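Reader: Before we look at anything in particular, I would like to learn how to read a model such as this one feature by feature. Could you take me through it slowly?

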Amino acid sequence: MAEKPPTTPRPDSGPHPETIAAIATAPGRGGIGVIRISGHGLLAISQALSAKQPPARQATLADFCAADGSLIDSGLLIYFPAPHSFTGEDVLELQGHGGSVVMQMLLARCLDLGARLAEPGEFTRRAYLNGKLDLAQAEAVIDLIDAATTTSARSAVRSLQGEFSKEVNALLGQLIELRALVEATLDFPEEEVDFLKADDAFGRLERLQLRLANVFDRAQQGKLLQGGLHVVLAGQPNVGKSSLLNRLAGDELAIVTPVAGTTRDVVRSTLQVEGIPLHVIDTAGLRATEDEIEKIGIARTWREIERADVVVLLVDARSGVGDAERAILAQFPAHLKRITVYNKIDLAGRPAELHDQADGQAISLSAKHGEGIELLRQALLRIAGWHPAEDVFIARERHLRALADTREHIATAQAQLPQLELFAEELRLAQMALGSITGKFTADDLLGEIFSRFCIGK
């Protein structure tokens with residue numbers, strides 16, 4: 001990660017008297033395992049554990065011993081004194097062999113020496129509280145770990161290095177300057193100089209709105225990279241849903257037979273198209289049935305449809321949309337985005353094509369032979385609002401809500417003119433909403449929710 005300038009601990013951070021420890025590497029069998037310790041008294045722990053006090057930021061070969069002097073493992077010690085560490089506190093890392101048993105033995109020894117087991121995300125939370133990361137960068141840590149595509153990983157790195165935060169802080173700077181002009185006008189009404197006109201306050205407001213719109217668009221793209229698109233394949237039995245899933249995934253994930261009702265449970269696959277994770281879900285065919293197992297599968301189909309971002313309604317190209325399909329469409333949620341796919345064009349003698357219908361986009365394709373599949377992939381990206389860009393940064397739903405709230409307050413402020421008191425209040429609310437992204441104005445319960453989703457050791 002790029003070197004960051006020194007930062008000031010946050011006023012709500014407070015002291016951290018407890019020393020925490022956790023296994024920082026993934027569970028299971030590996031060549032190397034790492035235990036991370038953060039807090040105070042780490043050189044004493046190192047001395048008791050290895051009879052060594054390592055110099056700062058140098059790897060030191062050491063034997064890690066139990067309380068009775070017996071050998072637990074041999075490896076490396078690395079000591080990072082505060083504030084030049086990930087958490088901003090003293091940090092000690094023990095690098096040993098990556099077996100689960102030996103890691104647990106080594107962790108237990110650290111706990112016996114006065115550390116306690118770290119909570120999920122506690123190391124990153126301390127980094128935030130000690131001013132080493134802002135909140136958006138802290139969230140980018142877990143986004144980088146969870147990245148499902150190379151594009152989302154690169155975008156998470158940009159957020160971790162502070163590109164998203166830099167844009168947000170630039171917007172905050174413009175907003176604060178504008179507030180200062182308005183407050184000056186309110187504080188000195190008797191002055192002849194009109195601060196707002198002299199300093200082009202209205203032009204500043206328009207430029208702020210344009211920049212905010214640009215950041216919002218890039219954040220929307222980042223949210224798509226972070227969460228992907230949930231696509232449900234729906235339709236009557238035997239229209240080719242499982243064949244389409246297999247074709248999109250490039251593997252035989254679902255059983256395909258001429259027997260209607262073969263799929264009785266949801267089958268999931270995640271693939272990527274232009275870096276966007278597509279979570280494709282094959283479902284049981286929708287029809288009236290007396291089969292109890294099939295009824296359960298159909299109920300699950302409707303639950304998946306309720307949660308979907310996009311539903312792909314499959315229709316047999318030979319028969320088209322009939323009464324059964326119209327009955328299915330009538331039960332779809334009103335807000336749901338959908339694409340109608342006319343499958344089996346190889347049997348209907350139709351070409352692969354994308355065309356518009358009165359109720360949305362439609363694609364003619366052959367799941368069996370692959371004709372028209374690329375048209376479907378591109379249609380899914382368009383309906384999601386994706387447009388490739390190099391400067392996208394990972395963003396989350398809460399970031400989008402904060403940006404949307406900021407836009408709403410600024411628009412309301414503009415509508416309040418010339419009532420400067422109301423104008424100033426809306427600008428203040430916009431600043432509060434925008435500052436919540438990086439943690440300048442953040443409630444403790446939100447911090448708890450964010451960091452509880454991290455893994456232990458991070």
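Author: What follows goes from the overall make-up to the cores, then to one sheet, two helices, some backbone details and a further group of strands. Please keep in mind throughout that this is a predicted model.

Reader: To begin with the whole, how many helices and strands are there, and what percentage of the residues count as buried?

Author: The protein has 16 helices and 13 strands, and of its 458 residues 47% count as buried. As for the surface, about 21,800 Å² is exposed, and carbon and sulfur atoms supply 53% of that area. One can also ask how far apart in sequence the contacting residues lie: among contacts with a separation of 6 or more, 65% are between residues 24 or more positions apart.

Reader: How should I read the largest nonpolar core, and which residues in it touch the most other members?

Author: The general idea is to look for buried nonpolar residues joined through their side-chain atoms, and then to ask which members have the most links and which elements supply them. In this structure the largest such core has 32 residues, and Leu244, Val312, Ile339, Leu376 and Leu380 are those that touch the most other members. Several elements each supply at least two residues, among them helix 8 (201-227), strand 7 (229-235), strand 10 (310-316) and helix 13 (373-384). The largest share, six residues, comes from helix 13.

Reader: With which residues is Leu380 in contact, if its neighbours within four places in sequence are left aside?

Author: Leu380 is then in contact with Leu229, Val231, Leu278, Val310, Val312 and Ile339. There is also a second, separate core of 30 residues, and its members include Leu172, Leu175, Leu400 and Ile410.

Reader: Turning to the sheet of six strands, in what order do they lie, and which are the edge strands?

Author: A sheet is read by following the pairing from strand to strand, and the two ends are found where a strand pairs on one side only. Here the six strands form an open sheet in the order 3-4-5-2-1-6, with mixed pairing. Its edge strands are strand 3 (60-65) and strand 6 (116-117), each of which pairs on one side only. Strand 3 runs antiparallel to strand 4 (residues 71-80), and six bridges join them; within this pair, Ala62 stands opposite Gly75 of strand 4.

Reader: Where do the buried residues of helix 2 lie around its axis?

Author: For a helix, one can first compare its length with the expected span and then see how burial is distributed around it. Helix 2 (residues 100-112) has 13 residues and reaches 18 Å from its first C-alpha to its last, close to the 18 Å expected at 1.5 Å a residue. Its buried residues are Val102, Met103, Leu106, Leu107, Arg109 and Cys110. Because they cover an arc of only 155° around the axis, they lie on the same side of helix 2. On the other side, Val101 and Asp112 are exposed. After helix 2 comes Gly114, which has a positive phi near 120°.

Reader: Is Ser155 buried or exposed?

Author: Ser155, in helix 5 (residues 150-160), has a relative accessibility of 1% and therefore counts as buried, the cut-off being under 20%. Apart from neighbours within four places in sequence, Ser155 is in contact with Leu225, Val392, Phe393 and Ile394.

Reader: Which backbone details should I check, beginning with the peptide bond from Ala82 to Pro83?

Author: The torsions omega and phi are the ones to look at here. The bond from Ala82 to Pro83 is cis, with omega near 0°, and Pro83 is found in the loop between strand 4 and strand 5 (90-98). Asn238 has a positive phi of about 65° although it is not a glycine; Asn238 lies in the loop between strand 7 and helix 9 and is partly exposed, with a relative accessible area of 37%. Lys344, also a residue other than glycine, has a positive phi near 70°. Lys344 lies in the loop between strand 11 and helix 12 (345-348) and is buried, with a relative accessible area of 16%.

Reader: Finally, which residues are the bridge partners of Ile363 in strand 13?

Author: Here one reads the direction of each pairing and then the partners. Strand 11 and strand 13 (residues 360-364) pair in the parallel sense over three bridges, with Val341 as a bridge partner of Ile363. Strand 12 (residues 353-357) runs antiparallel to strand 13 and is joined to it by five bridges, and there Leu354 has Ile363 as its bridge partner.

Key
Residues are numbered from 1 along each chain as its sequence is written. This is a predicted model: local features need pLDDT of at least 70, side-chain atom pairs count only at pLDDT 80 or more; totals for chains, interfaces and linings use all residues. Side-chain values use heavy atoms; hydrogens and water are left out. A nonpolar core is a set of buried Ala, Val, Leu, Ile, Met, Phe, Trp, Tyr and Cys residues joined through side-chain atoms within 4.5 Å. Buried means under 20% relative accessible area, exposed over 50%, partly exposed in between (1.4 Å probe, protein chains only). Helices (H or I, at least four residues) and strands (E, at least two) are DSSP runs, numbered from the N terminus. Contact means heavy atoms within 4.5 Å. Accessible areas come from the Shrake-Rupley method with a 1.4 Å probe; for residues, only the protein chains shown count as cover. Two strands pair if DSSP finds at least two bridges between them. The expected span of a helix is 1.5 Å times one less than its number of residues. The arc is that of the directions from the helix axis to the C-beta atoms.
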